[in-house]
Amino acid sequence: MTDSPETRPTDAAAAPSDPGTAQPSTERATVVVVGAGIAGLRAALDLHARGVDVLVLEAAPRVGGRVLTETTALGTHVDLGGQWIGKGHHRFEALAAEFGAQVFEMETPKMPKLVDGARTIGMASPTLLLAGAALVAWEGVVRLGGPFAGGGSTVADLLRKVPGRARRLLDVLIAIATTADADRFALRDFAAAVRVQEGLLTAMSTRGGAQDSLVVDGAGTLAVRMAERLGDRVHTDRAVLAVHRDDDGATVHTTAGTVRAQRVIVTVPPPIATAIEHRPALPTERSHAERGMYMGSVYKALAVYESPFWRANGHAEMIDIDGPGVGVFDTTPPSADGTGPGHLCLLVGGADARSLDDLSPADRRETMLARLAVHLGEGAETPASWHEKSWHRDEYVGGGYLAVPDPKAGAMTFPLGHAPAGVVHWAGTETAAEHAGYIEGALESGERVAGEVASALR
C-alpha cells in the first residue's frame, strides 16, 4: 500500500494573477472521498484504519447525506432521513454496536390498519383481498424472474390491471416503499429493486421486514460519530466541481481550492453527481446512469408527544390511501417507565409527496396531524414537537430513498455497475448488491469500494 503524509498544503498550483492576492494552495491526499454520507464515511473509515491518508469532501454544511437526526423539544431524537435496521441488515447492526448505540424493535402490529380517509378498510374487503392477491402474485413472479420483469412496461401499467381502490392501495404502498413515480418506474427495474431488497413483502413489512428496528439516538448521530472519528479529514461546505484524471492520479477541483490524489471515490447520488465535470469524459455507461436516473420523492414528518397515548386503545401503525397517501409508524423509543415520550413517523412517497410542496409549513402540519386525529383522537393534533423534511427539495441530496432509472433514458443495469473509471471509483446505496436503497446498502458499498481502492494502492 502506498503511504503519504497527512493531508497538507503544498506550493500554489500557479502564480497569482494579482501579486497582492493569495491563491489557494493545492492539498495532497492519497484518497479523496466525494460525499460524507454513510457510504463515503464508511469507505473513509475503512481506508483510514488501513493507514491510508483520506480526505472527505462534502458540499452540504453537515455530514450524513440521506440520514439526518434532530433533537426534539422533549430531548429525544428523531430521524428525518434513513433510519430502519431491517431483516439481514448485519452491517447496520454492526455499525450501531461499533459506536455503542442502543437499538430497539419498533412497536408494530401483525398488520397495519388500512384506512381510506375516515373509513377503515376491512380485512375481508374486496380492496384488501384484491391488493393482497396482487402482491402475492407479483412476489412470486419477481422471485422466479418472470416475464413481467422485462420489456418497456412500467409499474403504472401493472397497476392499471388492478380494479377499484385496490389499485390505489397498491399505488400508495409502492410509493412509500420506493418513493418512485409509478409511471417512471420500469417493471424490469422494479423487479431488480425488489430482488436486492429480498422481496416485495419484506420491503413493505415492519417486524421481521425492512422496517424492524431503530437506533435510540438516531441513525444520523452515527454519521456524526463516524465523521468525528475522522476528525479534520472531513470538510463540509466544500463542493467538488471537477475531477481531472491523468496517468499519475487526479486533481480534484473544489470550491475551496484543489486537491491532488492518487484515487478518488465518488459516493454522491448519481443525479447529483452530474454537477461534477470529468476530464477525460466518463465512460458511456456511467455517464448514462448519472443522466438517466432521477431521485425518488419523499416527505417525512415526526410528531412527538408527551406519551404514546394511542397505545391505551391499540396501535397507531396505519396506511391511509386518501390523498396524499401516508404511512404512519410508531417509532417511540424505549423509556425507563414506559410512559414516553411518544413518536409517530409519517411517510409520503412519489407524486403524493410533491403534492405537499405548495402548502405552507403550518398548513402541512395541520393537514398531516388532522389525518392522525381522525383515527387516534384529538390529542394527535397537539404534539410537543414537530419535525418535517421534503427530501426532493434538498439541493445536496435531490430526494430519496435512492436514484431510480428513468425508462425514457433506455435500459441500464440496476443496481448500478461500479467499474472504476481510471483512478475514480464509485460507491453509494444504488451500487449495492444487497439492500440497495437502505443504509445497509450504503454500508455495503462503502466496504466494497474501500477494499477496491486499498488493493489498487498496493
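Thirty residues take part on one side: 30 residues of domain 1 are in contact with 31 residues of domain 2. The model is predicted. The domain assignment splits the protein chain into these two parts, and both are discontinuous in the numbering, as the ranges show: domain 1 covers 27–68 + 86–98 + 218–294 + 400–457, and domain 2 covers 104–216 + 296–393. Their centres, taken over C-alpha atoms, lie 29 Å apart.

**The interface**

Domain 1 and domain 2 bury about 2,300 Å² between them. Carbon and sulfur atoms account for 55% of that area. On the side of domain 1, three tyrosines lose the most area to domain 2: Y294, Y401 and Y438. Together they make up 26% of what that side buries.

Polar links also cross the interface. There are 10 residue pairs in polar contact between domain 1 and domain 2. The salt bridge count between the domains is one. D406 and R184 join their side chains in a salt bridge, with 2.7 Å from N to O. D406 falls in the 400–457 segment of domain 1, and R184 in the 104–216 segment of domain 2.

Which elements supply at least two residues each to the side of domain 1 that touches domain 2? They are helix 8 (219–230) and strand 21 (403–405). The residues of that side divide into 18 nonpolar, seven polar and five charged.

**Two residues of domain 1**

Residues S445 and D247 both belong to domain 1, by its segments 400–457 and 218–294. Here are their settings.

| Residue | Place | Relative accessible area |
|---|---|---|
| S445 | helix 13 (residues 439–457) | 0%, buried |
| D247 | loop between strand 11 (240–246) and strand 12 (249–254) | 81%, exposed |

Is S445 buried or exposed? S445 counts as buried because its relative accessible area is 0%, and the cut-off for buried is under 20%. Leaving aside residues up to four places away in sequence, S445 touches A39, A427, G428, T429 and T431.

D247 sits in a loop between two strands, strand 11 and strand 12. Its relative accessibility is 81%, and exposed means over 50%, so D247 counts as exposed. D247 also has a partner far along the chain. The C-alpha atoms of D247 and V423 are separated by 8.7 Å, although their positions lie 176 residues apart in the numbering.

Methods
Residues numbered from 1 in each chain as written. Predicted model: local features only at pLDDT ≥ 70, side-chain atom pairs only at ≥ 80, totals over all residues. Heavy atoms only, no water. Domains from an automatic or database assignment. Contact = heavy atoms within 4.5 Å. Buried area = accessible area lost by both parts, 1.4 Å probe. Salt bridge = Lys/Arg side-chain N within 4 Å of Asp/Glu carboxyl O. Polar contact = N/O pair within 3.5 Å; in protein donor to acceptor, adjacent residues only side chain to side chain. Helix = DSSP H or I, 4+ residues; strand = E, 2+ residues; numbered from the N terminus. Nonpolar A, V, L, I, M, F, W, Y, C, P; charged D, E, K, R; others polar. Buried < 20%, exposed > 50% of the residue type's maximum accessible area, 1.4 Å probe, protein only.
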